[in-house]
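Q: Got a minute to go through this one with me? Let me pull it up first.
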Amino acid sequence: MQRVILWLLLASACALTRGRGQSPPPYLRIPAIQGRGHLSPALGRDVRSIGIVTALAEGEFYLQDPVGDGDPATSDAVAVRGRIPSLIVGDEIQVIGRVVEFVPGGERTGNLPVTTIEAETVEVLGGGRSLPEPVVLGPGGSAPPSGHVISPDELPVNLRMPAEAARNRFDPDS
């Protein structure tokens, strides 16, 4: 009951923010939001997507496409931040928000950006959904990088900037 009330309040606020009669942003699957590069092709745009909550953290959660796209160069999950309701791992939700690139620790760290949806509204569609199959890293799975992803002489680099992202080739195989 509390989730429904919270969602109705968020939906009302969203309607006031967007204006009457304005259509919702386009629906994009999570792999399309992530894209095949350093930066999301949807960067700076409002999007709508559906997925399964797979992990919770303070002020954010992780949302995964229940099927994925089978492309190892894209991610099937995305971080979601902002004013979010109480969620449980296994909830299926629809999120509406703006796509941003967040650099953990700040741009001087040289950390890679994390594609994130800054949630405007979160609607719980159902609970108790099966979690998508995990991606195994290490023995028996995908090998993590064995060296620097960006060479030390290139640091600091801010891959949130399109010009810097273009200069640093996206190469998921290495």
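**Strands first, then confidence**

A: This is a predicted model, and a good place to start is Val47, whose bridge partner in S4 is Gly97.

Q: Which strand pairs with S4 there, and in what sense?
A: Strand S1 (residues 46-57) does, running antiparallel to strand S4 (residues 92-102) with seven bridges.

Q: And what do the five strands make together?
A: They close into a barrel, in the order S1-S2-S3-S5-S4, and the pairing is mixed. On average, neighbouring strands of this sheet are turned by 55° against each other, direction ignored.

Q: Switching to side chains: how many salt bridges are in the whole structure?
A: The search finds five. One of them joins Asp65 and Arg29, with N to O at 3.0 Å.

Q: Why does that pair tie together separate parts of the chain?
A: Asp65 is in the loop between strand S2 (60-64) and strand S3 (77-82), while Arg29 is in the loop between H1 and H2, so the parts it links are 36 residues apart in sequence.

Q: What about rings, how many aromatic pairs?
A: Zero by this rule. Phe102 does have Arg81 over its face, though, 3.9 Å from the ring centre.

Q: OK, confidence. Which element has the lowest mean pLDDT, and which the highest?
A: Helix H1 (residues 2-18) is lowest at 41, and helix H2 (residues 30-34) is highest at 97. The protein averages 81, with 76% of the residues scoring at least 70.

Q: Where does pLDDT stay under 50?
A: Over residues 1-20, where the model has 20 contacts beyond four places in sequence. Where pLDDT is low, the predicted coordinates shouldn't be read in detail.

Methods. Residues numbered from 1 in each chain as written. Predicted model: local features only at pLDDT ≥ 70, side-chain atom pairs only at ≥ 80, totals over all residues. Heavy atoms only, no water. Phe/Tyr/Trp six-rings, centres within 6.5 Å; stacked < 30°, edge-to-face > 60°. Lys NZ or Arg CZ within 6 Å of the ring centre and 35° of its normal. pLDDT = per-residue confidence, 0-100. Helix = DSSP H or I, 4+ residues; strand = E, 2+ residues; numbered from the N terminus. Contact = heavy atoms within 4.5 Å. Pairing = 2+ DSSP bridges. Axes fitted to C-alpha atoms, helices over the stretch in contact; angles between N-to-C directions. Salt bridge = Lys/Arg side-chain N within 4 Å of Asp/Glu carboxyl O.
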